[in-house]
Amino acid sequence: MTEDVQKHSVHTLVFRSLKRTHDMFVADHAKPVSLDETSHKVKMAAKLRADYSAVLHMPVLKEGKDRPLGSNMHGNQNSLQPGDDPEYLITGTHAYPSGPGLALTADTQIHRNPSKGGVQAMALALPPSQARLDASRTAAGVGDIHRHAGGAERSPAPHSHAMSLLEGGGTKNSSLVARKAPTMPKPQWHAPWKLFRVISGHLGWVRSIAVEPGNQWFVTGAGDRTIKIWDLASGKLKLSLTGHISTVRGVAVSTRSPYLFSCGEDKQVKCWDLEYNKVIRHYHGHLSAVYDLDLHPTIDVLVTCSRDATARVWDIRSKANVHTLSGHTNTVATVRCQAAEPQIITGSHDSTIRLWDLIAGKTRATLTNHKKSVRALALHPRQYTLASGSADNIKQWTFPDGNFIQNLSGHNAIINAMAVNSDGVLVSGADNGTIHLWDWRTGYNFQRIHAAVQPGSLDSESGIFACMFDHSESRLITAEADKTIKVYKEDDTATEESHPINWKPEILKRKRF
């Protein structure tokens, strides 16, 4: 026997075994398994209970059935009176429940629905209710979900008969309704912006901008360690302030006092008295370079953020460190304050945005949608919304919980700065010197600008580090890597006919998470 086995290879033996197995079961091949009646009943009862328990009390269907759906499960089918039409009986949850001083009688145990003819006559006689108008609309598109983002109205259903049945207690399968593909609503027309003035004077990269509340002058901080104050109307230098020993990364002008605040890579946060043009306070505490700062609009609080992965809340007058906001795992690049909750928002190189509870000094929400560093935040001046800029996308969010609205895709660069005005123009400035202008509501990119660098500078020195609208919102100021400040204005001569919106209502691809 051993000699016989050795005559054949293992390969041949395996295939012989396969053939024997196949011949054994070939008669049953592709035949369905016989249905077990008991198992089927258990399965259907479980499916009814799991999927249809909410509607088991509703009227039975018309397909010749003479009992409610759930009778085989509950075993409590109501006995029908002679002459009763089982089609219009409701069992289970009764319209007249029993209670203290109230007992069900033979007349009230079974609740009757009105006949179809009565329902239709009533529907035609009554004025259209809001519920009927709402029910007569098809399923919502993306534009309907984000109503503030604008969207085409849903189309009404073609026939009122189905709606009268719907109000009379019938059901309608929404999957049968033809849905329109979501399309971008038509964006608002905005005049194009053009370069109006180039201001030179700094000897290093210009890193930050702030406009004073009276809209007469603005402040810039730069890599040459100086803070310069410029006349907004003429662009002439009014004053230079020295005191930082490294790059000035953030400046802010108070609306509540004649103070200017600055921070830099020297870990220092300074308060300047503009009546005497000198430093009157220092805020000590950060362990590394301070990258940004912002003033609270309604209380005397200053918030700074740093490469030490924290943001700090300071009492302006007492210089006390009220809170150290810890939670980010990398450099906190930008911070914004607002009067409403959440009062502090930070963006970090750990690619998250955190919304902070100012009173408790703790994180209220963490937004983790970005995949790259978040270096810029912009709060809409009128809406309760926020935009965040990163190398992967610009994203829009709603407050107070940071619900995602939409992506603004197309600015494929490291975004350092963003600003938005009341007209709904969002500006994003990037490391490669490009500026994109967007319609806030729809996310439509209506203009792209790449201004020439200052003569004598390298083409690579065309980054945008900060941008800001003045308080009239008629001028856009940018701080750039070619050591200049550029001022842009809307083109007053432009019209919608001369600069039409190059927009096609194509199917949305940008509203992904």
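**Figure 1. Surroundings of D482 in the predicted model.** D482 is located in the loop that connects β29 (475-480) with β30 (484-490). With a relative accessibility of 1%, D482 falls under the 20% limit and is therefore classed as buried. Its side chain approaches the backbone nitrogen of Q454 at 2.9 Å. Beyond residues up to four places away in sequence, D482 touches A452, V453, Q454, S457 and E461.

**Figure 2. The largest nonpolar core.** This core comprises 14 residues, and those with the most contacts inside it are W193, V427, I435, L437, F469, L476 and Y488. At least two residues of the core are supplied by each of β24 (415-420), β25 (425-430), β26 (434-439) and β28 (464-469). Strand β28 provides the largest share, three residues.

**Figure 3. Contacts of Y488.** When neighbours within four places in sequence are set aside, Y488 is in contact with W193, K194, L195, F196, I435, I449, A451, S474, R475, L476, T478 and E480. Among these partners, W193, I435 and L476 are, like Y488 itself, listed with the residues that have the most contacts inside the largest nonpolar core.

**Figure 4. A second nonpolar core.** Separate from the largest core, a second one contains 13 residues. Its members include C263, L293, L295 and W314.

**Figure 5. A nonpolar surface patch formed by V10, V14, F15 and L18.** The patch covers about 400 Å². V10 belongs to helix α2 (residues 10-25). The relative accessibility of V10 is 63%, over the 50% limit, so this residue counts as exposed.

Definitions and conventions. Residues are numbered from 1 along each chain as its sequence is written. This is a predicted model: local features need pLDDT of at least 70, side-chain atom pairs count only at pLDDT 80 or more; totals for chains, interfaces and linings use all residues. Side-chain values use heavy atoms; hydrogens and water are left out. Helices (H or I, at least four residues) and strands (E, at least two) are DSSP runs, numbered from the N terminus. Buried means under 20% relative accessible area, exposed over 50%, partly exposed in between (1.4 Å probe, protein chains only). A polar contact is a pair of N or O atoms within 3.5 Å; within protein, one must be able to donate a hydrogen and the other to accept it, and residues adjacent in sequence count only if both atoms are side-chain atoms. Contact means heavy atoms within 4.5 Å. Patches are made of residues with over 30% relative accessible area and no salt bridge: like charges are joined within 9 Å, nonpolar side chains (Val, Leu, Ile, Met, Phe, Trp, Tyr) within 5 Å. Accessible areas come from the Shrake-Rupley method with a 1.4 Å probe; for residues, only the protein chains shown count as cover. A salt bridge is a side-chain nitrogen of Lys or Arg within 4 Å of a carboxyl oxygen of Asp or Glu. A nonpolar core is a set of buried Ala, Val, Leu, Ile, Met, Phe, Trp, Tyr and Cys residues joined through side-chain atoms within 4.5 Å.
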